[in-house]
Amino acid sequence: MIKVYQIPSAEMKNMYPASPFMYGMGSSFNINEHINKYVHVANIATDDLNKAFEIGNIGPEGDINRKASMHSISVGDILVDENNKPFVVAPTGFDELDHDEELV
């Protein structure tokens, strides 16, 4: 199971112009400064990050257990694997997130 964390849309509007979609695009967004804004929005029935990205964008819906309002998985979202390792969706692939606090 992959846990999906996203910043709620209303919160993202408050962050303009910096948003998680700027992740990896320069210094305008520091994910560790905004980590407390992420919400656990879903669990996806796979242990593979690439498959979780696919399911979070095109389904099947039956593999998604929604916990809160969720948009499609995008750059800047956080995926937590079965070993509780957090990864941020990067412009290409995933970057392991170096963060001390545990995402719940």
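Trainee: How much accessible surface does the protein have, and what share of that surface belongs to carbon and sulfur atoms?

Mentor: About 5900 Å², with 48% belonging to carbon and sulfur atoms. Those areas come from the Shrake-Rupley method with a 1.4 Å probe, and for residues only the protein chains shown count as cover. Bear in mind that this is a predicted model: local features need pLDDT of at least 70, side-chain atom pairs count only at pLDDT 80 or more, and totals for chains, interfaces and linings use all residues. Residues are numbered from 1 along each chain as its sequence is written, and side-chain values use heavy atoms, leaving out hydrogens and water.

Trainee: What makes up the secondary structure?

Mentor: There are 2 helices and 6 strands, running β-α-β-α-β-β-β-β along the sequence. Here helices (H or I, at least four residues) and strands (E, at least two) are DSSP runs, numbered from the N terminus.

Trainee: Which two residues of α2 have side chains that meet in a salt bridge, and why is the pair called that?

Mentor: K51 and E54, at 3.3 Å from N to O. The term asks for a side-chain nitrogen of Lys or Arg within 4 Å of a carboxyl oxygen of Asp or Glu, so the pair qualifies. Both sit in helix α2 (residues 49–58), 3 residues apart, about one turn of the helix. An α-helix has 3.6 residues a turn, so residues three or four places apart point the same way.

Trainee: Are K51 and E54 buried or exposed, and how do you know?

Mentor: In between. Buried means under 20% relative accessible area and exposed means over 50%, with partly exposed in between (1.4 Å probe, protein chains only). K51 has 35% and E54 has 35%, so partly exposed is the label for each.

Trainee: How many salt bridges does a search of the whole structure find?

Mentor: It finds 2. Besides K51 with E54, E61 pairs with R66, their closest N and O atoms being 2.7 Å apart. E61 has a relative accessible area of 46% and is therefore partly exposed, and R66, at 39%, is partly exposed as well.

Trainee: What keeps D81 from being counted in a salt bridge?

Mentor: Distance. D81 is buried, and the nearest side chain of opposite charge, K85, is 5.9 Å away. For charge, Lys and Arg count as positive and Asp and Glu as negative, while His and the chain ends are not counted. Since 5.9 Å is not within the cut-off, D81 gets no salt bridge.

Trainee: What backbone atom does the side chain of D81 reach?

Mentor: The backbone nitrogen of N83, at 2.9 Å. That fits a polar contact (a pair of N or O atoms within 3.5 Å; within protein, one must be able to donate a hydrogen and the other to accept it, and residues adjacent in sequence count only if both atoms are side-chain atoms). D81 lies in the loop between β4 (78–80) and β5 (86–89). Leaving aside its neighbours within four places in sequence, D81 is in contact (heavy atoms within 4.5 Å) with M1, I2 and F87.

Trainee: How do you know where the buried residues of α2 point?

Mentor: They are L49, A52, I55 and G56. Seen down the axis of α2, they fall within an arc of 120°, so they line one face of the helix; the arc is that of the directions from the helix axis to the C-beta atoms. Their cover includes β1 (2–6) and β2 (39–44). The face turned away from the buried side carries the exposed N50 and I58.

Trainee: What makes D48 a cap for α2?

Mentor: A side-chain oxygen of D48 lies 3.1 Å from the backbone nitrogen of N50, at the N-terminal end of the helix.

Trainee: What is unusual about the backbone at N84, and about the bond from G59 to P60?

Mentor: Most residues other than glycine have a negative phi, and most peptide bonds are trans. N84 is not a glycine, yet its phi is positive, about 60°. The bond from G59 to P60 is cis, with omega near 20°.

Trainee: Why is Q6 called buried or exposed?

Mentor: Q6 is buried because its relative accessible area is 2%. Q6 lies in strand β1, and its side chain reaches the backbone oxygen of H71 at 2.9 Å.
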